[in-house]
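User: I should like to learn how to read the features of a structure that is new to me. Could the explanation give the general idea and then the case at hand?

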Amino acid sequence: MRSRHVLGLHQENGQVRQQPRVSVVIPTYNEAKNLPHVFALLPEDVHEVIVVDGRSVDDTVPTARALRPDVKIVMQNRIGKGNAMACGFAAATGDILVMLDADGSADPREIPRFVAALVDGADFAKGTRFANGGGSSDITRMRAWGNRQLNRAANVLFGTRYTDLCYGYNAFWRHCLPHLELEAGGRRQEERLWGDGFEIETLINTRVAKAKLRIVEVPSFEFERIHGQSNLNTWRDGLRVLRALAVERVNGKGRAAAPATITAAATAAGAAALAPQPRTSADTEAEVVEFRSA
């Protein structure tokens with residue numbers, strides 16, 4: 001049975017392990033039927049749940065409030081998943097931010113696995129369906145083929161070893177946010193800006209690489225959407241990701257202005273929980289450094 005706590009172990013070598021505060025950011029648009037399933041599987045001790053709504057026409061927001069009275073509701077100021085994530089990140093107050101889809105395809109019970117990767121020294125925990133312990137009951141052969149080609153392009157352009165560029169289940173320490181350079185400000189408008197759409201995962205994955213942050217891939221299983229229809233379009237969104245790779249290769253976004261740091265949880269009882277650790281010369285390349293098995 002998987003733990004219902006963010007960190008399955010609260011002691012390490014006889015010492016209490018300080019638990020980081022985890023913010024779960026969930027973008028929604030007409031997900032009222034899916035939220036009961038997603039909320040029921042969230043770890044009991046997350047710091048906050050942030051629902052970023054794209055002005056749903058169903059009962060998404062009332063349902064979220066009924067299921068979890070302490071939920072933080074954020075309304076997007078533009079349209080698209082990327083804008084929703086940017087707005088959610090801006091509202092988050094936790095030490096760790098988790099990106100979680102509302103359609104039931106991502107398993108909230110895997111959150112402790114992502115958190116553990118970060119506590120163990122990663123800056124960015126990248127979900128992958130293509131590692132031992134991961135998988136998908138939703139991806140088609142065409143999408144899997146396209147993902148492999150986009151992986152190869154990203155790895156050549158950015159010096160990474162990603163196995164699942166287009167998967168959106170990720171978590172990271174909040175010190176990564178300045179490197180992402182996502183724009184959540186401005187008045188409400190109906191048009192999308194660059195980064196507001198499904199290319200958001202590509203922008204984030206390439207910018208953490210350009211910032212030379214430590215990236216760890218975490219096995220994850222993707223389920224089929226429970227209710228409703230996906231807005232994904234294989235060819236349209238694939239071309240958008242390809243364009244994102246080309247743009248991000250030359251736009252200078254995400255470049256580290258100073259040596260990046262790894263943040264880990266302190267283990268000493270009563271000590272500061274979150275202390276930046278200097279990177280060594282061996283950490284100058286941004287790459288997938290390991291897999292965390294299920």
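**Charged pairs and a covered strand**

Analyst: In this predicted model, Asp 70 and Arg 68 form a salt bridge, with their closest N and O atoms 2.9 Å apart. Arg 68 is buried, at a relative accessible area of 16%.

User: What is the general idea behind such a pair, and how many salt bridges does the count come to?

Analyst: Side chains of opposite charge can pair when their charged atoms come close. Here the count comes to 12 salt bridges. One of them joins the side chains of Asp 95 and Arg 21, at 3.3 Å from N to O. Asp 95 lies in the loop between helix 3 and strand 6, and Arg 21 in the loop between strand 2 and strand 3, so this pair ties together parts that are 74 residues apart in sequence. Asp 95 is buried, at 11% relative accessible area, whereas Arg 21 is partly exposed, at 39%.

User: Which residues are linked with Lys 81 in a network of salt bridges?

Analyst: The network links Lys 81 with Asp 101 and Glu 201. Both Lys 81 and Glu 201 are buried.

User: How should one read the two faces of strand 9?

Analyst: In a regular strand the side chains alternate between the two faces of the sheet. In strand 9 (residues 170–173), Asn 170 and Phe 172 lie on one side, Ala 171 and Trp 173 on the other, and all are buried.

User: Which residues stand opposite those of strand 9?

Analyst: Strand 6 pairs with strand 9 in the antiparallel sense over 4 bridges, and Leu 97 has Phe 172 as its bridge partner. Strand 7 also pairs with strand 9 in the antiparallel sense, over 3 bridges; Ala 125 stands opposite Ala 171.

Technical notes:
Residues are numbered from 1 along each chain as its sequence is written. This is a predicted model: local features need pLDDT of at least 70, side-chain atom pairs count only at pLDDT 80 or more; totals for chains, interfaces and linings use all residues. Side-chain values use heavy atoms; hydrogens and water are left out. Buried means under 20% relative accessible area, exposed over 50%, partly exposed in between (1.4 Å probe, protein chains only). Two strands pair if DSSP finds at least two bridges between them. A salt bridge is a side-chain nitrogen of Lys or Arg within 4 Å of a carboxyl oxygen of Asp or Glu.
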